[in-house]
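This briefing covers selected local features of one structure, grouped by topic. Please read it alongside the sequence and the coordinates.

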Amino acid sequence: MSDTTHDARPFPLTPTTIHVPDNALADLRQRLELTRLPDDAGNDDGYYGVPGSYLRELVDYWRSGYDWRAAEAEINTFEHYRVDIDGVPIHVVRKPGVGPNPTPLILTHGWPWTFWHWSKVAGPLADPGAHGGDPGEAFDVIVPSFPGFGFSSPLTDRPDLNFWKVADLWHTLMTEVLGHEKYAAAGCDVGALVTAQLGHKYADELYAIHIGSGLKLTLFNGDRAWDFSGGRPIPDDLPTAVHARFVELDRRFAVHLAAHLLAPSTLAHALSDSPAGMLAWILERWSKWSDNGGDVETVFSRDDLLTHATIYWVTNTIGTSIRLYANNNRYPWTPAHDRIPVVEAPTGITFVGYENPPGVDTDGRVENFRTGERAQWYNHVNLTAHDRGGHFIPWEIPDLWIDDLRRTFRGRR
């Protein structure tokens, strides 16, 4: 039997539930019914983007087969709260820790993620005793929806939010709202940058951090932040396989970076009016960024895909979610101190094989990081590389992510 939570203080927020109004779902069905897709001849292989034939299948299922109410019921097995911080509406999901002294842990997602991408790891992290683990390693799991994503909306009063400003909101949430003197943090994608900023600016109030990448906090700074290659040509003398990997990664990431940084509102006007168009845009990322062997449904079932898509659609947050990229560039990161490492909090990092850089295999991934320029940014204490897994790490390889995270915090709380 698992231990009960050690901290008997009542949770300071008022619980709520997720309930999408019937009229919002009816409007979605009507728009799906009226979907007009373009001619897409010659795209069965996806060379030109999401194949129209597959998108049509998903649209038809979204309209007539997918059950949001069933997904909503599962989502509501978690605790949900809402709070306003500095004019920003924040939706918070909680899985209470079960153990002798659970450590508060905030998990931050990225794009095109939702809070639900953390659903596979929240339970085992909160109640390890119920999942074959040590109750002494329990966390009180806090999963906010990123501002301007999903139910952390509408984001009307703070159109300037970016990753380092969100870190300040998160610190207020954990310390002032929830009353923790010290806490843990983890994140992936842009959520890794938020987490790293916490480890940079608020290191003394963090036990440690665990992230899904080791990027520089200056990633979005500069005049060509939208260019995946940073404006540099691929060298001519590279081995064929290394050259191909550069091209592959460029094709995988460059499209959304350019669009989101350079014209997010233009794109948002289209995506906010068409659920099929919105689905196509984010489906491209789920398909190309996950380690799925060419079949996205080996990682995300159709119901999974449409649950995440429905969260974006019914909250009308695709526009505010993609503007985040432009704000990361428009309001550049500046350091809170000049000490080295930049991120002083003890840091664990999980690397996945699907994102190995050109010329580097999984066996050499950790050493490649240690000897590279990014290593000096972090007080890294736990580096792990896995052969499998793509960009959505806690969804794709939840057990491995949990093990990695636990090692980072072992002996540090």
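Beyond its neighbours within four places in sequence, A203 is in contact with L198, E344 and A345 in this predicted model. A203 and A345 lie 142 residues apart in sequence, yet their C-alpha atoms are 4.7 Å apart in space.

**Setting of A203**

- A203 belongs to the loop that runs between helix 6 (190-201) and strand 7 (206-211).
- The relative accessible area of A203 is 14%, so A203 counts as buried, the cut-off being under 20%.

**Packing of helix 9 and helix 10**

- Helix 9 (residues 275-289) packs with helix 10 (residues 302-314) at an angle of about 125°, and their axes are 10 Å apart.
- Helix 9 and helix 10 are therefore oblique to each other, as the angle falls outside the ranges for roughly parallel (under 35 degrees), roughly antiparallel (over 145) and roughly perpendicular (65 to 115).
- The two helices, 9 and 10, form a right-handed crossing.
- On helix 9 the contact is made by P275, M278, L279, I282, L283 and W286, and on helix 10 by L305, L306, H308, A309, Y312 and W313.
- By residue class, the contact of helix 9 with helix 10 comprises 11 nonpolar residues, 1 polar residue and no charged residues.

**Annotated N-terminal region**

- UniProt, in an unreviewed entry, lists residues 14-117 as "domain: Epoxide hydrolase N-terminal".
- Over residues 14-117, helix accounts for 32% of the chain and strand for 22%.
- The end C-alpha atoms of residues 14-117 are 23 Å apart.

Conventions
Residues numbered from 1 in each chain as written. Predicted model: local features only at pLDDT ≥ 70, side-chain atom pairs only at ≥ 80, totals over all residues. Heavy atoms only, no water. Axes fitted to C-alpha atoms, helices over the stretch in contact; angles between N-to-C directions. Helix = DSSP H or I, 4+ residues; strand = E, 2+ residues; numbered from the N terminus. Left-handed = near helix turned anticlockwise from the far one by under 90°. Contact = heavy atoms within 4.5 Å. Nonpolar A, V, L, I, M, F, W, Y, C, P; charged D, E, K, R; others polar. UniProt positions renumbered as here; feature names shortened; annotations may be inferred. Buried < 20%, exposed > 50% of the residue type's maximum accessible area, 1.4 Å probe, protein only.
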